[in-house]
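User: Please take a close look at one part of this model, any internal cavity and the residues around it.

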Amino acid sequence: MSNEFYAPGEQRAAKVNALFARIARRYDFLNDLQSFGLHRHWKRRVAALAQVKTGDRALDLCCGTGDLAFALARRGAETTGLDFSPQMLQVAINRSRKSGAGSQNENPQSAIRNPQFFQGDAQQLPFPEKTFDIVTVGYGLRNLTNWERGVEEMFRVARPGARLLVLDFGKPPNAVWRAVYFTHLRLSVPLIGRLFCGNAQAYAYILESLKHYPAQLAVAEKMRALHLKNVRVINLLGGAMAINYGEKSA
Ligand SMILES: C[S@@+](CC[C@H](N)C(=O)[O-])C[C@H]1O[C@@H](n2cnc3c(N)ncnc32)[C@H](O)[C@@H]1O
């Protein structure tokens, strides 16, 4: 059965934009529900792996409502969040106005500033090369028309020595676990979408997009092809989620 939010090729961006415009206001709540709150833990893990140092500049692509951007800012990075959805960005900006990243400073050595949020395309970044010490993307690469182009852009704007991190749904290497997990994505996640968002298709999109995304192993391959150092795959929940890590050579 085709998914109203998944389209191959150039129509993809418009469909993805329509999807996030539709779910933006409930996105955080539904994320908690479908991951049993675990996404918060995984995002903190990404922020820790980024090894923020005082004065670092961080870029979070496909930042959505800003979780990773806020996590990096709390660790003391001067952080920019970029997303192409005005509706998702509006939630991030509202959070920024309400909370203030400084209220939960995780790095007492440094002054905290809220992230700056910009609208833009992750495949065509409006930043010069070698601008950032940290470049992250959480649950974003899978949504791009061309995920490899996204990694190339991350690499381009990264300074020598920068840490690049990708968090996304993965493909578990164990066939039995993969079948159980894909069943959860096919049945329970759309049910949550239907009950709490009035739209099952929006959440069925996760499985649809994952089918077309080569996941953690291919991202690691791409990082190696770009000659990143210390390339690692950190499998979470047996590979159902994964963090890809690599460093740009100095
Ligand atoms: C699943 S959400 C992830 C949000 C956030 N990073 C998180 O982990 O909660 C995916 C985000 O990617 C954004 N996105 C998709 N394609 C994009 C593109 N080409 N450029 C910028 N943002 C994009 C969507 O608007 C959406 O906010």
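Analyst: A cavity is a set of points on a 1 Å grid where a 1.4 Å probe fits but cannot get out, and lining residues have an atom within 4 Å of a point. The model is predicted, with local features needing pLDDT of at least 70 and side-chain atom pairs 80 or more, while lining totals use all residues. Residues are numbered from 1 along each chain, and side-chain values use heavy atoms, without hydrogens or water.

The structure holds 2 cavities of 30 Å³ or more, and the largest encloses about 360 Å³. Its lining has 28 residues, with C62, C63, G64, D83 and G140 nearest the centre. Helix 1 (12–23), strand 1 (57–61), helix 4 (67–74) and strand 2 each give at least two lining residues; helix 1 has the largest share, 3 residues. Helices (at least four residues) and strands (at least two) are DSSP runs.

D83 belongs to strand 2 (residues 78–83). D83 is buried (under 20% relative accessible area) but has no salt bridge (Lys or Arg side-chain nitrogen within 4 Å of an Asp or Glu carboxyl oxygen); K43, the nearest side chain of opposite charge, is 11 Å away. A polar atom of the D83 side chain lies 3.4 Å from the backbone nitrogen of C63. Leaving out residues up to four places away in sequence, D83 touches (heavy atoms within 4.5 Å) C62, C63, G64, M88, L89, F118, Q119 and G120.

At the other end of strand 2, E78 forms a salt bridge with R113 (3.5 Å, N to O). That pair links strand 2 to the loop between helix 5 (86–99) and strand 3 (116–119), 35 residues apart.

Note on methods:
Buried < 20%, exposed > 50% of the residue type's maximum accessible area, 1.4 Å probe, protein only. Lys, Arg positive; Asp, Glu negative; His and termini not counted. Polar contact = N/O pair within 3.5 Å; in protein donor to acceptor, adjacent residues only side chain to side chain. 1 Å grid on protein atoms, 1.4 Å probe; cavity = no way out; pocket = protein on both sides within 12 Å on 5 of 7 lines; lining within 4 Å. Points joined across faces, edges and corners; volume = space filled by probe spheres on them.
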